[in-house]
Number of protein chains: 2
Amino acid sequence: MRIIKSVSEMQSYADSLRMAGNTIGFVPTMGALHEGHLSLIRKSIEKTDKTILSIFVNPTQFSPSEDFGKYPRDFERDEKLAEDLNVDVIFYPSKEAIYHDGHSTYTIVEGLSAQLEGESRPSHFKGVSTVVNKLFNIVKPHIAFFGQKDAQQALIIKKMTADLNLDIDIFVCPTIREDDGLAMSSRNIYLSPDSRKQAPLIHQALKEAESLHLNGEKNPEMLIRKITDTLNSAPIARIDYLSIVNSETLLPVESTNEGALVVVAVFFEKTRLIDNILLTTSK
Amino acid sequence: MRIIKSVSEMQSYADSLRMAGNTIGFVPTMGALHEGHLSLIRKSIEKTDKTILSIFVNPTQFSPSEDFGKYPRDFERDEKLAEDLNVDVIFYPSKEAIYHDGHSTYTIVEGLSAQLEGESRPSHFKGVSTVVNKLFNIVKPHIAFFGQKDAQQALIIKKMTADLNLDIDIFVCPTIREDDGLAMSSRNIYLSPDSRKQAPLIHQALKEAESLHLNGEKNPEMLIRKITDTLNSAPIARIDYLSIVNSETLLPVESTNEGALVVVAVFFEKTRLIDNILLTTSK
């Protein structure tokens, strides 16, 4: 397994892989790898010839009040996990390699970036779409892999890729959960023991809404009320947003018939967790 | 010479050129080819294995009050000129092929886009950088060629390419002029006979400033006064902006010692012409 830190070396290596006829799979991460990331890597290895994992904690997607400084970093552990899965390259650049002095170009997906997460975290998606566009230009993948846990992010990356004519397939993989239903996230380690005990209620509440929906309840307000009640039974939980939206436009739906997405962000003390569930018409 | 109208066909063809070991040169244009464009094409043919010319009048860089509708279009003439120069491919997409319904992603070079042209034409460079980024992703060139006549545009494209880690060299070619000094532009055909007669005064004024500078005048205000006087001797001319700026940052300079760029936009009746001259320390 190669570890590449330089942008130009990564680009040349990607060129040489392509010239040799390989398809390149790409899994962009901020490190602190968990089973969710590993499922993306496994999918990439299954579907492509060479898998490149990037590890870069992207400063531009954090606001000054957020956890950029204390975001979990453990390169040696990540490296071991990647090696065990037969990743071909880890692209592991410094902050300076990605953002040179005077960097001032941004890739902005208007519309989709403003709502939900974007409302709670202004400029977050500007940072995400910019860094992913940059990483795409550096790693030159044929297919890139993202998790459904960050549903809005996956949608924004798909939209950016289509709108900018990036010749890359975006593959979205299912959310991976702990045994008790909590969605895997690098931020779960921030949870206090009490919060950790109560956090699985998020998934439980979404599953209850799904079940009501499958039993015929199509009124988003009724489903939102039910989810709110369940979440309120966790004394520590504080809902940041909860909405039932069209899974393409992210705009609120009036009825849950048309493949609606239930999206939620919940604070447990200072830790903000997000999750979602896609409502289908049958199970 | 191939004419390709489909985005995916252009991408596949670019891939096949690259797989065969060719370097790709790219000349993006809005058609209405003149000697300026042809000089870019010749340079591309000299420096690369395959030259791709795009012809696309980009709606997003025109404001509603500008000349998108009447911008000169003559594909057959352009095709003949390209064929005579041995262009390999003309990429000639429809508006719908480039901007699908609901397109909402923009590439924005902050800072450089706001001043000079950007002040007179708000959102112009947002359209330019977005379409060039898209065309880069479609044509996949190794080198792209731009004209120094649009100095600010060339600088913004260079900045975008560096900031987004696009693996493309940007090559800027000198302004090509009519015998009387008027910079070649597709918009020159709009000029009335009287305006056409007076328009070479722009270049004449810039040359006078250059000559003063070479003779030791380093005060931008003095040079601007001289240029203004000369331009005012053309009864039809109306200065839109005139500034002496740093050739990298486009910010006004206090002295013309450090490779300053004189940039000017002048209206002749409804037609707006731009030009510039780089002040060097020796000739």
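Q: Is E269(B) buried, exposed or partly exposed, going by the C-beta atoms within 10 Å?
A: This is a predicted model, and the residue sits in the loop between β9 (260-268) and β10 (271-278) of chain B. Buried would take 20 or more other C-beta atoms within 10 Å, and exposed would take 12 or fewer. E269(B) has 13 such atoms, so the verdict is partly exposed.

Q: What is phi of E269(B), roughly?
A: E269(B) is not a glycine, and yet its phi is positive. The residue belongs to the loop between β9 and β10 of chain B. Its phi comes to about 55°.

Q: Which residue of chain A, in the loop between α3 (75-84) and β4 (89-91), can be set beside that one?
A: Look for a positive phi in a residue other than glycine, here near 70°. The residue has 11 C-beta neighbours inside 10 Å, so it counts as exposed. The one in that loop of chain A is N86(A).

Q: What rotation superposes chain A on chain B?
A: The fit has an RMSD of 0.0 Å, and the shift along the axis is 0.0 Å. The two copies are thus related as by a two-fold rotation axis. The rotation is 180°.

Q: In chain A, which residue has the C-alpha nearest the axis?
A: Start from the axis of the 180° rotation that takes chain A onto chain B. The C-alpha in question is 2.3 Å from that axis. It belongs to T107(A).

Q: Which element gives the largest share of the side of chain A that touches chain B?
A: Across the interface, 23 residues of chain A are in contact with 23 of chain B. Elements giving two or more residues on the chain A side are α1 (7-19), β5 (105-109), α6 (124-139) and α7 (151-163). The largest share is five residues, and it comes from β5(A).

Q: How many residues of the side of chain A that touches chain B are charged?
A: That side is made up of the 23 residues of chain A in contact with chain B. Nine of them are nonpolar and nine are polar. The charged ones number five.

Q: Why can we say that the copies meet through the same surface?
A: Take the interface residues of chain A and ask what share of them are also interface residues in chain B. If that share is complete, the same surface is in use on both copies, and here the share is 100%.

Q: Which residue of chain B stands opposite I108(A)?
A: β5(A) pairs with strand β5 (residues 105-109) of chain B over five bridges. The sense of the pairing is antiparallel. The residue in β5(B) that stands opposite I108(A) is Y106(B).

Q: What is the radius of gyration of chain A?
A: The secondary structure of this chain comes to 10 helices and 10 strands, and its C-alpha trace spans about 55 × 40 × 40 Å along the principal axes. A compact globule of 283 residues would come out near 19 Å, and chain A agrees, with 19 Å.

Q: Which element gives the most to the side of domain 1 of chain A that touches domain 2 of chain A?
A: Chain A is divided into domain 1 (2-173) and domain 2 (186-278), and their centres are 26 Å apart. In the contact between them, 12 residues of domain 1 meet 11 of domain 2. The top contributor on the domain 1 side, with three residues, is α7(A).

Q: Is A265(A) buried or exposed?
A: A265(A) is in strand β9 (residues 260-268) of chain A. Beyond its neighbours within four places in sequence, its contacts include S120(A) and D240(A). It has 21 C-beta neighbours inside 10 Å, so A265(A) counts as buried.

Q: How far apart in space, C-alpha to C-alpha, are T29(A) and L53(A)?
A: T29(A) belongs to strand β2 (residues 24-29) of chain A, and among the residues it touches are H37(A) and L53(A). In sequence, T29(A) and L53(A) are 24 residues apart. In space, the separation is 7.2 Å.

Terms used
Residues are numbered from 1 along each chain as its sequence is written. Chains are lettered from A and ligands numbered from 1 in the order in which they are written. This is a predicted model: local features need pLDDT of at least 70, side-chain atom pairs count only at pLDDT 80 or more; totals for chains, interfaces and linings use all residues. Copies are superposed by least squares on the C-alpha atoms of residues with pLDDT of at least 70 in both. Two residues are in contact if their C-beta atoms, placed from the backbone, lie within 7 Å. Helices (H or I, at least four residues) and strands (E, at least two) are DSSP runs, numbered from the N terminus. Ala, Val, Leu, Ile, Met, Phe, Trp, Tyr, Cys and Pro count as nonpolar, Asp, Glu, Lys and Arg as charged, and the others, Gly among them, as polar. Two strands pair if DSSP finds at least two bridges between them. The radius of gyration is taken over C-alpha atoms; the globule rule is 2.2 Å times the number of residues to the power 0.38. Domain bounds come from an automatic or database domain assignment.
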